[in-house]
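User: Please take a close look at one part of this model, the packing of its helices, and then add whatever else in the neighbourhood deserves a note. Plain prose will do.

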Amino acid sequence: MTNPVRISVIGLGRVFERYALVLEPLVRSGRAEVVAVYDPAADRSSVAATLFPGVYIAGSAEEVIASDADAVLVLTSMNEHGALTAAAYQAGKHVLVEKPMATSLGEAAALVRMSHESDRLMVCAPHVLLSPTYREMHARLSRGEIGDVKLARALYGWAGPWWGEWFYQPGGGALFDLGVYNVTSLCGFLGPVKRVTALVGTAVKERLVNGELMSVTADDNAQVLLDFGNEVYASVATGFTIQKYGRAPAIELYGLAGSMNMLGDDWAPRGFEVWRSDTGYWELHDEQAPDWPWTDGLNHLVSCIERGVPSVTRPEHAYHALEVMLAAMQSATEGRVVDIASAFPSPDYSHEASFVMDERRKHDTSL
Ligand SMILES: NC(=O)c1ccc[n+]([C@@H]2O[C@H](COP(=O)([O-])OP(=O)(O)OC[C@H]3O[C@@H](n4cnc5c(N)ncnc54)[C@H](O)[C@@H]3O)[C@@H](O)[C@H]2O)c1
């Protein structure tokens, strides 16, 4: 039995409560300890104190970073991610950062550079590449089950948050909050994007947030075209402008020998289906892990620290997703195609032990 991984948390909003559902069983099974937490909003600190009785409530993010934790979770609003992740990482901590890893390419590039110079892990959300359904689809695509994929389509949206003004201000927006899932998933399947064309706008100019009407100054509606090179094209439809869907797959992949769909959402897959030219019928694969939590990056971080293995995705993947989203905004503003400079390594699924669901966790996690 290894020592528990000591974890501190910065940002105790709604998402913290979801991470807590994964953290609590890790603590209960002796694999993790919660060292210190911080949020400037006092009511959020009391939520943490209720969830983790006796936890040290720090007076600042700096104090959390200076704590003797092994790892820091950065779960704040998006504009804070880059600076807090850099500070925690520079202090020698492993870091898990919610998406996007930063809101500017300069900050994100600094994070990638730091990750090259350190043996600490930097696990960046979204974590869907860890899900059993994604991994199964990825393996089948790699085996050529539907041939070379040439077209793909991804969709994710909802009516939008009624909390957190920052979602609707610069540094927020639907692309960073929602489109990031589709972009990350498609890139995991198809590799780096080469060029981007997009329509991105603000469809709903005023929103009721925390009971107050506010002007929206971030994007809430986007159609993005991705060119992966070699005539491989994909589209992403995303926005806080979608009231309901459910009959359209999250991800559709069209290969020259068949088709494959991820059902549900690409942050909460509900199985997948495959059609192959040589069989001529749809095979439905029910979700094998309906309890898979979209916060699984935390289990992954702890497993990787315990076993001393690298994470499945590298920070370069999150950087690339950010570059693609910023390029989409630039394309929409300037009315032109924007080239993408970055690339990233393929997901590394070779360290099975780092992401196979722990037996205890299967029983403990009830998301
Ligand atoms: N809400 C969702 O459904 C959802 C799902 C997945 C991921 N996310 C991501 O999780 C992150 C947080 O989202 P949320 O819904 O929890 O937002 P939220 O507004 O509920 O919480 C954010 C919290 O961060 C705190 N904060 C802001 N600056 C801080 C700082 N410098 N130091 C410490 N705390 C600070 C705020 O006080 C707030 O309590 C975002 O990046 C979001 O994109 C959200």
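Analyst: Helix 4 and helix 5 run roughly parallel to each other, a label given to angles under 35 degrees, while those over 145 are roughly antiparallel, 65 to 115 roughly perpendicular and the rest oblique. Helix 4 covers residues 81-90 and helix 5 residues 105-116; they pack at an angle of about 20°, and their axes are 9 Å apart. The model is predicted, with local features requiring pLDDT of at least 70 and side-chain atom pairs pLDDT 80 or more, whereas totals for chains, interfaces and linings take in all residues. Numbering starts from 1 along each chain as its sequence is written, and side-chain values rest on heavy atoms, without hydrogens or water.

Helices (H or I, at least four residues) and strands (E, at least two) are DSSP runs numbered from the N terminus. Axes are lines fitted to C-alpha atoms, for helices over the stretch in contact, with angles from 0 to 180 degrees between N-to-C directions.

Helix 4 and helix 5 cross in a left-handed sense, meaning that the near helix is turned anticlockwise from the far one by less than a right angle; clockwise would be right-handed. On the helix 4 side, the contact (heavy atoms within 4.5 Å) uses Gly 82, Ala 83, Thr 85, Ala 86, Tyr 89 and Gln 90, and helix 5 supplies Glu 107, Leu 111, Met 114 and Ser 115. Sorted by class, the contact of helix 4 with helix 5 has five nonpolar, four polar and one charged residues. Here Ala, Val, Leu, Ile, Met, Phe, Trp, Tyr, Cys and Pro are nonpolar, Asp, Glu, Lys and Arg are charged, and the others, including Gly, are polar.

Helix 5 also meets helix 9 (residues 315-334): their axes come within 10 Å and cross at roughly 165°. Helix 5 is therefore roughly antiparallel to helix 9. This crossing of helix 5 and helix 9 is left-handed. Helix 5 contributes Leu 105, Ala 108, Ala 109, Val 112, Ser 115 and His 116 to the contact, and helix 9 contributes Pro 315, Glu 316, Tyr 319, Leu 322, Glu 323 and Leu 326. The classes in the contact of helix 5 with helix 9 are eight nonpolar, two polar and two charged. Ser 115 of helix 5 belongs to the contact with helix 4 and to the contact with helix 9.

The loop between strand 5 (94-97) and helix 5 holds Pro 100. Pro 100 is joined to Lys 99 by a cis peptide bond, with omega about -10°. Another cis bond leads from Ala 125 to Pro 126, with omega near 0°; Pro 126 sits in the loop between strand 6 (122-124) and helix 6 (132-142). Most peptide bonds are trans.

Lys 99 also belongs to the ligand site. Of the 23 residues around the ligand (a heavy atom within 4 Å), the nearest are Val 15, Asp 39, His 81, Lys 99 and Trp 166. Helix 4 includes residue 81 at one end of its range, 81-90. An oxygen atom of the ligand lies 2.8 Å from a polar backbone atom of Val 15, and an N or O atom in the side chain of Trp 166 is 2.9 Å from a ligand oxygen. Polar contacts are N or O pairs within 3.5 Å; within protein, one atom must be able to donate a hydrogen and the other to accept it, and residues adjacent in sequence count only if both atoms are side-chain atoms.
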